[in-house]
Amino acid sequence: MALLLIAPLAWHRGLAHFIEWQRTRFAVTSADRVSQLVGLSFDPMLRDARGSRSGVAAAFDWRLAPGRLLEAEFEVNRQSQASQAAFSLLGGAVPDAHAIDPRLNLNNQPWSLPVVFDGRTASLRYTQLLAADLQLKAHAMTQRLRTDDRIAFPFGCSAEGAFDRYCSDGSFDFYDFRSEGERRRSDALDVGVSGNLAAHRYAIGVLAAWQRTINPLQAFNFVGTGTIDGLSMVPADPTLTTPNADRRERSLELYLRDRWMLAPRWSLWLGARHTQLHRSSDPKDGNPSTTYEQTFTTPWLALSHRVSDALTAYVSWGQGIESTVVPNLPTYQNPGQALPALKSRQLEAGLKAEGRDVDWSVAAFDISRPATTDAGTPLLSRTIDGEQRHRGIEAAAAWRSGAWSLQGSATALRARREGAADPAMNGQRPPNVPEHSVRAQVSYQLPQLPGARLGAALTHEGSRTVLPDNNSPTIGAWTRVDLSLRIEQRLADATTLTWQLGVDNVADRRAWKEAPLQFDHAFLFPLAPRTWRAGVQAAF
């Protein structure tokens, strides 16, 4: 049973202790400010995964003069949580989800340590009205992150010469992985103007960003053999044996966005981003540094037509950029190195309708994004290899009538590999992509109890492939139903209490929720078991 309490002070079994104070906006001379202090310790449904989170955040704004606003935010937080180790294929078969305890955590060694995140983030934004239809905005942000990444890591089966799955008998290779003291620094400055000019509503600006990652030596040491019953104990080996790589990146982007009113019911949406990118990777194993620069422009274009006051049709096309870095693991030939930026594209057409009682939308899309492949023996090499093409239809609707409300969405998706170096890969489904999904929510306002609302939610996802090959096994489709009760209670002193009671996965459905492929290894994560939750939130 998991229990969540949001209150001035509370304790419970399940998610343990939660304490939160929050002050809403109030005026102090010329400044408004928001502050929040959070402390949380929890014991989730997953065994051997206790953790804690604490932090403080505040936001301030000063109206320096008419048309001038200065806003500042900062946040300091710390989170400590044991990682959840995944299951995998057993030989060539998907294990029976009904035979697996979803509460079992394979990262349960006596020496297992939590992953710890320490973060500090601050931003400052200045807005000035230059004219009736012209505004200047400057926004600066800085962030410092420190991470201790640690796990008793199940990975592969050397006994059977398979490193993308576990052994047929349910055993696996165990590694002591530790990457402690990772440091990341990010800084950004965005300066732009926006306004209206004749039939145009535009924004133009420049965004500069800097990132630096410092990675110390890692431990990635074989320590023995584990089993999926979680009973095998192996010795620790925290020896720092794996060199890592530091990374730097800086970028300068010029952007332009414009909505052009062609006619009373026609709009042309234009966007472009021109980017200069510089990236470098500095290995600590004696290999030379890798550095590259790229310049590219990513446009975006859309045309919309207001068919009626309630119905809009549109078509859009755009490009995007993705960045990827080779994992810092000794199983790779080129660990820590940055790959060239990957350019994707998207084409979409659809309809949107807004009514008094019903809103709905339907869209057809075609997305192509570059794919990467991990290949090689005995060491892997990550390379750009063709693309994934996702084509499908997505529909959504919301209906309201009196005490009832209903909303839902559905997606049908055809995802395939194209242009791969290995012809046998082309036409295959990418791993971990469901062919369809459905989500629905219904709620009812109880007339006998003001402020009380009953709710039910349904989630369904189709089957997924596990490996990117012709004979890939699949995990089956699954459906989950959740129930909830929410009550809002207004007190005489303007305090509002929100009481919540719910149960997730009412039928205690057992299934594999997802099957991500990472480090060229197939991972399986189970659907969370039936979970009760209750809580109360106070707003002053």
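Student: How many residues lie between β10 and β11 in their hairpin?
Tutor: In this predicted model, 2 residues separate β10 and β11 in the hairpin that they form.

Student: And how many bridges hold that pair, and in which sense do the strands pair?
Tutor: Strand β10 and strand β11 (residues 266-283) are paired over 18 bridges in the antiparallel sense. As one position in this pairing, L256 is found opposite A272 in β11.

Student: Which strand is joined to β10 by 14 bridges?
Tutor: That is strand β8 (residues 200-214), which runs antiparallel to β10 (residues 245-263). Within that pairing, R201 has R259 of β10 as its bridge partner.

Student: What can one say in general about side chains along a strand?
Tutor: In a regular strand they alternate between the two faces of the sheet.

Student: Let us step back. How many helices and strands does the protein chain have?
Tutor: The protein chain has 0 helices and 28 strands.

Student: What are the overall dimensions?
Tutor: The C-alpha trace spans about 70 × 60 × 45 Å along its principal axes. The radius of gyration is 26 Å, which agrees with the value near 24 Å that a compact globule of 540 residues would have.

Student: What share of the residues is buried?
Tutor: Buried residues account for 41% of the 540 residues in the protein chain. The accessible surface comes to about 28200 Å², and 57% of that surface belongs to carbon and sulfur atoms.

Student: What about the contacts along the sequence, and how many join residues at least 24 apart?
Tutor: Taking contacts between residues at least 6 apart in sequence, 61% join residues at least 24 apart.

Student: How many positive and negative side chains are there?
Tutor: There are 58 positive and 55 negative side chains, and the centres of the two sets are 6 Å apart.

Student: Now to β22. Which strands does β22 pair with?
Tutor: One of them is β19 (residues 452-461), joined to β22 (residues 478-490) by 10 bridges in an antiparallel arrangement. Another is β23 (residues 496-504), which pairs with β22 in the antiparallel sense over 8 bridges.

Student: Which residues are bridge partners there?
Tutor: On the β19 side, R453 has R486 in β22 as its bridge partner. On the β23 side, L485 is partnered by L501.

Student: What happens in the hairpin of β22 and β23?
Tutor: This hairpin has 5 residues between the strands, and A494 takes a positive phi near 75°.

Student: Where is Q500, and what does Q500 touch?
Tutor: Q500 lies in strand β23. Leaving aside residues up to four places away in sequence, Q500 touches L485, R486, R533, A534 and G535. Q500 and R533 are 33 residues apart along the chain, with their C-alpha atoms separated by 7.8 Å.

Student: Why is Q500 classed as partly exposed?
Tutor: Its relative accessible area is 31%, and the partly exposed class lies between the limits of 20% and 50%.

Student: Just after β23 there is N505. What is its phi?
Tutor: N505 has a positive phi of about 55°, although N505 is not a glycine. Its place is in the loop between β23 and β24 (512-514).

Student: Is N505 buried or exposed?
Tutor: N505 counts as buried, because its relative accessibility is 1%.

Student: What about D48, where is that residue?
Tutor: D48 is in the loop between β2 (31-42) and β3 (51-65). Its phi is also positive, near 60°, in a residue other than glycine. D48 is partly exposed, with a relative accessible area of 48%.

Student: Change of topic: where is S186, and is S186 buried or exposed?
Tutor: S186 is located in strand β7 (residues 171-197). With a relative accessible area of 16%, S186 is buried.

Student: Which residues does S186 touch?
Tutor: Not counting residues up to four places away in sequence, S186 touches M141, T142, Q143, R144, W210 and Q211.

Student: Last one, V442. Where does V442 lie, and what does V442 touch?
Tutor: V442 lies in strand β18 (residues 436-445). Beyond residues up to four places away in sequence, V442 touches W404, S405, L406, L454, G455 and A456. Between V442 and L454, 12 residues apart in sequence, the C-alpha to C-alpha distance is 8.3 Å. V442 counts as partly exposed at 31% relative accessibility.

Technical notes. Residues are numbered from 1 along each chain as its sequence is written. This is a predicted model: local features need pLDDT of at least 70, side-chain atom pairs count only at pLDDT 80 or more; totals for chains, interfaces and linings use all residues. Side-chain values use heavy atoms; hydrogens and water are left out. Helices (H or I, at least four residues) and strands (E, at least two) are DSSP runs, numbered from the N terminus. The radius of gyration is taken over C-alpha atoms; the globule rule is 2.2 Å times the number of residues to the power 0.38. Buried means under 20% relative accessible area, exposed over 50%, partly exposed in between (1.4 Å probe, protein chains only). Contact means heavy atoms within 4.5 Å. Accessible areas come from the Shrake-Rupley method with a 1.4 Å probe; for residues, only the protein chains shown count as cover. Lys and Arg count as positive and Asp and Glu as negative; His and the chain ends are not counted. The place of a charge is taken as NZ of Lys, CZ of Arg, CG of Asp or CD of Glu. Two strands pair if DSSP finds at least two bridges between them.
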